[in-house]
Every structure is written in C-alpha cells, then in structure tokens.
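Okay, thanks everyone for coming. I'd like to spend a few minutes on what sits inside this protein and how some of its charged side chains pair up. Here it is on the screen.

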Amino acid sequence: MDNDEFKYGNIESGAFNIVCGTETHSILPEKRKYVQEVPGLDGVVDFGISGYSTRVITKPIYYTGAYSDLRKKREEIIAWLCNDGTPKKLIFGNEPDRYYMAKIYAALEFDNTSDRHIGDIQFECNPPWQYLLDGTLLTPDEITYINCTAKDGQFIKEFSGSGAIKFFNKGTQKVKPVIKIIGRVKPGFTLSYGTAKLKINADTGFEGVKIDCTKETVTRMSDGSSLYSSLDSASTFFELSPGKCMINVSGGSLGAYPDSVTVIIEFNAKMLG
C-alpha cells in the first residue's frame, strides 16, 4: 500500500485507483463538555468529567485512472464503502502499523474534475483512538507513558545519556525479560527496575550484550561467551510486574555516538489460565 492510499475493511483504495490527501493530520478529537448553566451565575458550572467524542477524519480523495473506469466501478465502490452497521478497520498508507475502527455516515459524491480531486470522504472513528496491529488501544495515557518503539514484541530505545525506557506488560503475571544492549558498554553501566539493579563492571567494546533474566545469564551476542563475572555482586535479575514498567539506564559514560547504546526489552506477556 502506497503512502497516499488507505485500506478500509479488506480492500485497499489503490484497487480503484483512489488515493487520499496526506497533508492534514488528525491530532485530537473533540472533547466532550459536561457543563450546566446556573441562573444568575456568569459562565457555567464545569463538572470536569473527562471524555472525548468520536474522531471524524475528512480526507480529500483523488482519482488516478480514467474517469470512464470510475463510472464502471461505481457499484463496486458502493459495496466497499457502504455502512452496513459494522465498523471496519481503517489503515492509512503513511501509518501502516496502526488502525482505526471506522464507519462512513456522510453522503459521498464523486465529481470528474481537472485536478483529479473527485471529492471528500469522512470517516467516523469509534473509539477515537488508533490501535496498534496487536490490538493495543493507543489512548492518551498509553501514548504518554510509552516512550520507546514497540515492534514485534520488543521495546526499543536508544540512549546517549541517562534516561528510562517505559513500556507496558500487558499480561496478568510477572515475567522475566531478556534485555539486549547494543553498543559499547563501559564499566558502571547500570539498569534499574524498582529496587533491583543490574550493573556491569567491564568494558565490552562495541558489542551486543544479552541479559537473560530467566536463565540468569549475561553473554556476548557475538559469540555467546559469558560476561557473568562482570556483573556487580549486588546485581539482581529483573521480574516485571503487570502494567506499567520503567527500566532506568545510567552510568557507563553514556554519550553521543559512538558512546550511545540501544536497549531492547523482550518478553512474552503471560495471562492467568
């Protein structure tokens, strides 16, 4: 799917030579207001109850084929875009790793124009937030908390100084992760989770270091040789609780490349039963 195409349901717009504008970015849906006018009182009573309305995304639609073909495909397009009461997945080509659940309520007309802009399409998305492909709903709280790249069951963040990698354990049980550190790990490099710490007292050179908290091993990723002896004696392997997790990164003379490191957290969420 190209950057300017979209997929609605199981069909990509490119199948009909239809593309959409990518210049407008939907940031926030309309916030609902719960207020009450009181006679004799200026303004209103604002109950401060949170909540957002559905997100309405309006996209300009362009046709790249012959207009004679557009008329021939009219009924197929109707079948594709009609609102049958069930929301459909909506994926935009410039955001292929996430989707909305959407319906089309507004009337839709296409005009043959010289600039290929045949009309506008309006998607109503409920809930108003996007989902990741794994089904994670990206509410504002979740977006605010996660500060790393989530990909294929991994949480990835680069560090050029002290900081933290924040993510969610979406399971219902504690889990012991595998932690990979890519770059030059220097003496004093420390990972902290709650009161537990993993401190490496060695210069590994430019290397990948793998910490397996289940097996309680520390190895070089290049040849599998052990680095366990480089761990500080007070080190404790991590066990991540369900919900929000934060692992702090510090020490080891972190700085701009080539003194930066990339930290990767891997685990399989576990559910009761």
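When I say nonpolar core, I mean a set of buried Ala, Val, Leu, Ile, Met, Phe, Trp, Tyr and Cys residues joined through side-chain atoms within 4.5 Å. And keep in mind that this is a predicted model.

So, which residues touch the most other members of the largest nonpolar core? That core has 36 residues, and the ones to look at are Phe167, Ile179, Ile181, Leu191, Ile211 and Ile247. Strands supply it: those giving two or more residues include E12 (154-159), E13 (163-169), E14 (178-184) and E15 (189-193). Also on that list are E16 (196-200), E17 (206-212), E19 (243-250) and E20 (261-266). There's a second core apart from this one, with 22 residues, Ile18, Ile57, Phe92 and Ala102 among them. As background, nonpolar side chains tend to be buried together in soluble globular proteins.

Let's zoom in on Ile181. Setting aside neighbours within four places in sequence, Ile181 is in contact with Phe189, Leu191, Ile200, Val209, Ile211 and Val261. The list also has Gly208, Thr262 and, notice this one, Glu207. Hold on to Glu207, as we'll get back to that residue.

Now the charges. How many salt bridges does a search of the whole structure find? Six, and I'll show you three.

Start with Glu266 and Lys180, whose side chains meet at 3.2 Å, N to O. Glu266 is in strand E20 and Lys180 in strand E14, with their positions 86 residues apart in the chain. Are these two buried or exposed? Both Glu266 and Lys180 are buried.

Next, Asp203 and Arg184, where the closest N and O atoms are 2.7 Å apart. Asp203 is in the loop between E16 and E17, while Arg184 belongs to strand E14, 19 residues away. Asp203 has a relative accessible area of 37%, so it counts as partly exposed. Arg184 is partly exposed as well, at 34%.

And here's Glu207 again: its side chain meets that of Arg220 in a salt bridge, 3.4 Å from N to O. Glu207 is in strand E17 and Arg220 is in strand E18 (residues 217-220), so this pair ties together parts 13 residues apart in sequence. The cut-off for buried is under 20% relative accessible area, so Glu207, at 11%, is buried, whereas Arg220, at 22%, comes out as partly exposed.

That's what I had, so over to you for questions.

Definitions and conventions: Residues numbered from 1 in each chain as written. Predicted model: local features only at pLDDT ≥ 70, side-chain atom pairs only at ≥ 80, totals over all residues. Heavy atoms only, no water. Buried < 20%, exposed > 50% of the residue type's maximum accessible area, 1.4 Å probe, protein only. Helix = DSSP H or I, 4+ residues; strand = E, 2+ residues; numbered from the N terminus. Contact = heavy atoms within 4.5 Å. Salt bridge = Lys/Arg side-chain N within 4 Å of Asp/Glu carboxyl O.
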